[in-house]
Amino acid sequence: MQIGIIGAGGATRGIHLAGFELCADAEVTMVCDADRDAARATGVRETCTDYHAVLARRDIDAVVVATPNFLHREIVLAALAAGKHVLCEKPLALNRKEAEEMLRAAERAGRVHMTAFTYRFTPAIQYARYLIEQGELGQLRTVRAAYLMALAGHVLAWRSEKRLAGSGVLADIGSHLVHITQYLVGDIRALTASERRFLDDPASDVEDWIAFLAEFANDATGTFEISRVAPGRGAGITEDIFIELYGTKGSIVFSLQDPWGLMAALGEDALDPTRPLRHYEVPQERLRIAGSPRDVMAHDRRWGYRYDQAFQFVESVKRGETRAPSFADGVRCQAVLDAALQSARERRWVEVA
């Protein structure tokens, strides 16, 4: 399987290339980036600066779209028209309308499609999903979710402009948090949000912080906070995704700082309010997705699980079967992002489309 990657930024260098390198049946044939030096720095033999050159290659079966958000729709639609399977970075688009157009195009083309929600593959998230499916929490009642990060300033290039990114911290890291919570809890029905731009940066017109109260389709309620102005939460170091789930029979607490474990109150522990949360190690068989060739001890446990995304994409193409997280998951996430932005702007509750 020959793969072309469009965009040679951090996601490509840190996730996609390393992930496909572990796939025996796949090879990254070409990398495209408007910055030729950035493309060449990936070490892939063939590079270009015009993505149409990738799509014109009949030997390339699939493409990864890892460009700034405003280019996703244009490139994905062109790739599907060229008959390519597509893995696209999150958020899928600038808004729900664009995301839905991309999903419909992928379905018409009959191509495999995937949205790059890498944190879904975190072992502790996979284990939490299993425990929920087994009924260990009973009926979910409340959710508390946060993604906290610290930045020295808006050194984020295109991510600092709405016309290029869609929104600020919400699109950048909030999309991850929203998707993971949807994966564990289900769809969000309605929300009310507030946003702030704390950093005084004339080059930026996006929010640094946003929070919202949410009602889920299953009648659970939740609170969300997403921030890039949280001192001590250094990007890539102490940044944290934090999700607490409380149900009628038990609870689960997840932190990105402990991707191989969960804190939880399950069974008898949940019945006794004097008992503290207990630490549960993720079972060995759940440290990677089924069939993954990844050696779980060979990489930093905080990040190595992200390489399973490439394996699932390759296997999906081989099977001719789209699996979650698909473009449909990208649309579901985008609907929440759009509703949060609308709510913050209009200062009211908004139904999620």
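**Exercise 1.** Which helices and strands do the buried residues of H5 pack against?

*Solution.* Keep in mind that this is a predicted model. Start by finding the buried residues of H5: they are Glu-98, Ala-99, Met-102, Leu-103, Ala-105 and Ala-106. Looking down the helix axis, these buried residues sit within an arc of 160 degrees, so they line one face of H5. Now see what they pack against: helices H4 (72-81) and H11 (327-346), plus strands S5 (85-89) and S6 (113-116). Finally, flip to the face turned away from the buried side, and you'll find the exposed residues Lys-97, Glu-107 and Arg-108.

**Exercise 2.** Work out what span helix H5 should have, and check it against the model.

*Solution.* H5 covers residues 96-109, which makes 14 residues. The expected span is 1.5 Å times one less than that number of residues. That gives 20 Å, and the end C-alpha atoms are 20 Å apart, so the two agree. Next, check what sits at either end. At the start, a side-chain oxygen of Asn-95 comes to within 3.2 Å of the backbone nitrogen of Lys-97. After the helix comes Gly-110, with a positive phi near 70 degrees.

**Exercise 3.** Is Thr-29 buried or exposed? Say which residues it touches, too.

*Solution.* First, place Thr-29: it belongs to strand S2 (residues 27-32). Its relative accessible area is 6%, and the cut-off for buried is under 20%, so Thr-29 counts as buried. Leaving out residues up to four places away in sequence, Thr-29 touches Gln-2, Ile-3, Val-44, Glu-46, Arg-57, Asp-59 and Ile-60. With Gln-2 there's also a side-chain to side-chain polar contact of 2.3 Å.

Terms used. Residues are numbered from 1 along each chain as its sequence is written. This is a predicted model: local features need pLDDT of at least 70, side-chain atom pairs count only at pLDDT 80 or more; totals for chains, interfaces and linings use all residues. Side-chain values use heavy atoms; hydrogens and water are left out. Helices (H or I, at least four residues) and strands (E, at least two) are DSSP runs, numbered from the N terminus. Buried means under 20% relative accessible area, exposed over 50%, partly exposed in between (1.4 Å probe, protein chains only). The arc is that of the directions from the helix axis to the C-beta atoms. Contact means heavy atoms within 4.5 Å. A polar contact is a pair of N or O atoms within 3.5 Å; within protein, one must be able to donate a hydrogen and the other to accept it, and residues adjacent in sequence count only if both atoms are side-chain atoms.
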